[in-house]
Amino acid sequence: MITAICSEIKIRCSEIGDNEVIKTIYFGGGTPTVLSIHELQKIIDVIYEYYSVSEDAEITVEANPDDLTQEKIESLVQSPVNRLSIGIQSFFEEDLQMMNRAHNAKEAMSCLSLATQHFNNISIDLIYGIPNMSLDHWKQNIQLALDYGVPHISCYALTVEPNTALPKLIEKGEIAPVNDALAQQHFEILVETLQKEGFVHYELSNFGKPGYFSKNNTAYWQGKQYLGIGPSAHSYNGTQRSWNINNNTKYIKSVQQNELPREIETLTTTDRYNEYVMTGLRTVWGVSLQKITQEFGTTYKEYLLKQAQKHIKEQLLFLDEDTLSVTKKGKFLSDGIASDLFLVNLG
């Protein structure tokens, strides 16, 4: 698999322009910490060999707390990796058991104690909206995260995915159903608490201290191009999306034959407009009317403003000269608001 990934990196270098500089490298979408430091280094070396990489590139590795032993952290320190994204989810045992997480509360705290001794750029994930989670319990979760001094926190509402244990437990009455009103209360506490601590709520689910916004995720939200390497990986070049096959064996065989095992979708103008509205409203940068006009035309701008009027009157959106953004009141509802602004009947 490592050899195939390195081969795909080489094959696809022509997709990046000669003047393009790689600003972020992200190992994620699974548990990349199962790789040895030598395997990670091999992949990084191939990237540096075939691409121009910025001197201050952000190089992130996703990790689960149970993977981050002292030995693993110390080996990562010796590599070019300069940022960790750790899937804490909760600091409480009952929450982790309910979510069927592999790590326990002790491991969550232990790995952060170790990681913060060696890395200053750390992001952690937390989950809110867990059934029956009291407001005090959620406040304690946030405070524990703050106590470790991490400069970036990603928070997501608990969702009930089909074919997992959670919907079955809810059906049996062993766990209470997800409560949207409770999730909104958690969200409002989260926003208020983190902003008081100097975090910028720069995207719906992401909070960072100044200088610590995720370069990787910011590139997605700002519509920048990215290259996804490996099985199931997605890429975007500004007008097309592509995704690799999700079968490991077929992926390796294809790459061995110098073929890219992927499907490609060319986005229409309306697709790109809808994506820009959706991602823009999730961020602190909002939706630029000038960009709408330049990239999609005046028809799209007029449609956007017409659809937005209802939400502006309800104080869920506000228009500040050129920029349309969600209000504090509208933040939790931003995805639903965006869907009202989508356009479905133009090419």
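This report covers confidence, sheets and cores of a predicted model.

Local features need pLDDT of at least 70, side-chain atom pairs count only at pLDDT 80 or more, and totals for chains, interfaces and linings use all residues. Residues are numbered from 1 along each chain as its sequence is written, and side-chain values use heavy atoms, without hydrogens or water.

**Confidence.** pLDDT is the predictor's confidence in each residue, from 0 to 100. The chain average is 92, and 94% of the residues score at least 70. Among the elements of the chain, helix α7 (residues 165-171) has the lowest mean, 62, and strand β7 (residues 206-208) the highest, 98. Where pLDDT is low, the predicted coordinates should not be read in detail.

**Sheets.** Helices (H or I, at least four residues) and strands (E, at least two) are DSSP runs, numbered from the N terminus. Strands pair if DSSP finds at least two bridges between them.

| Strand order | Form and pairing |
|---|---|
| β1-β2-β3-β4-β5-β7-β6 | open, 7 strands, mixed |
| β11-β13-β12 | open, 3 strands, antiparallel |

In the 3-strand sheet, β11 (287-288) and β12 (317-320) each have a single partner, so one side of each lacks a neighbour in the sheet. β12 joins β13 (residues 323-326) through 4 bridges. There, D320 stands opposite T323. In the 7-strand sheet, β2 (residues 53-63) and β3 (residues 83-89) pair in parallel over 4 bridges. E62 has S85 in β3 as its bridge partner.

**Core.** A nonpolar core joins buried (under 20% relative accessible area, 1.4 Å probe, protein chains only) Ala, Val, Leu, Ile, Met, Phe, Trp, Tyr and Cys residues through side-chain atoms within 4.5 Å. The largest has 64 residues; I86 and I124 touch the most other members. Apart from it lies another core of 19 residues, including Y276 and L316.

Methods. Buried < 20%, exposed > 50% of the residue type's maximum accessible area, 1.4 Å probe, protein only.
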